[in-house]
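I opened this structure for a first look. These are my notes, in the order I took them.

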Amino acid sequence: FRADLEATATVGSPMQCMLKGVCAQCLQWQIDPETGQRTKAVFSCAQQDQPLAWVDLDNLTARQSQNRLLERVSSQWLDHVVSGET
């Protein structure tokens, strides 16, 4: 990113319980934009909006992919229920 660019990202993690870290399913790493090293873990349910340069996008992608199977099964079940098939 350019040095003068200020961008904010909303980190939509798998769990948005808003309980500020009770379940830790929303734990997300922040990185140092200069070194690329992880600096601190944050609960994204309590801190959804973060500077984009700080967001560890690889970690976010991995966290969100954990729910893909459940989302697909739920979608198929909903399609089945809505279609009225027995």
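I began with one pairing: glutamine 28 has valine 42 in E3 as its bridge partner. I was working with a predicted model, and I kept that in mind.

Next I looked at the two strands as a pair. E2 and E3 run antiparallel, and five bridges join them. They form a hairpin, with six residues between the strands. In the turn I checked glycine 36, where phi is positive, at about 80 degrees.

Then I stepped back to the whole chain. I counted four strands and two helices. Reading from the N terminus, I noted the order β-β-β-β-α-α.

I turned to helix H1, residues 57-65. Which residues of H1 are buried? I found Asn59, Leu60 and Arg63. They lie on the same side of H1, because they cover an arc of only 100 degrees around the axis. That fits a general rule I wrote in the margin: an α-helix has 3.6 residues a turn, so residues three or four places apart point the same way.

What covers these buried residues of H1? The cover includes strand E2 (27-31) and strand E3 (38-43). So my hairpin came up again here.

I also looked at how H1 starts. Aspartate 56 caps its N-terminal end. A side-chain oxygen of aspartate 56 lies 3.3 Å from the backbone nitrogen of aspartate 58.

Last, I took down the totals. The chain has 86 residues, and 20% of them are buried. It exposes about 6400 Å², of which carbon and sulfur atoms supply 53%. Among contacts with a separation of 6 or more, 57% join residues 24 or more positions apart.

Note on methods. Residues are numbered from 1 along each chain as its sequence is written. This is a predicted model: local features need pLDDT of at least 70, side-chain atom pairs count only at pLDDT 80 or more; totals for chains, interfaces and linings use all residues. Side-chain values use heavy atoms; hydrogens and water are left out. Buried means under 20% relative accessible area, exposed over 50%, partly exposed in between (1.4 Å probe, protein chains only). The arc is that of the directions from the helix axis to the C-beta atoms. Contact means heavy atoms within 4.5 Å. A polar contact is a pair of N or O atoms within 3.5 Å; within protein, one must be able to donate a hydrogen and the other to accept it, and residues adjacent in sequence count only if both atoms are side-chain atoms. Accessible areas come from the Shrake-Rupley method with a 1.4 Å probe; for residues, only the protein chains shown count as cover. Two strands pair if DSSP finds at least two bridges between them.
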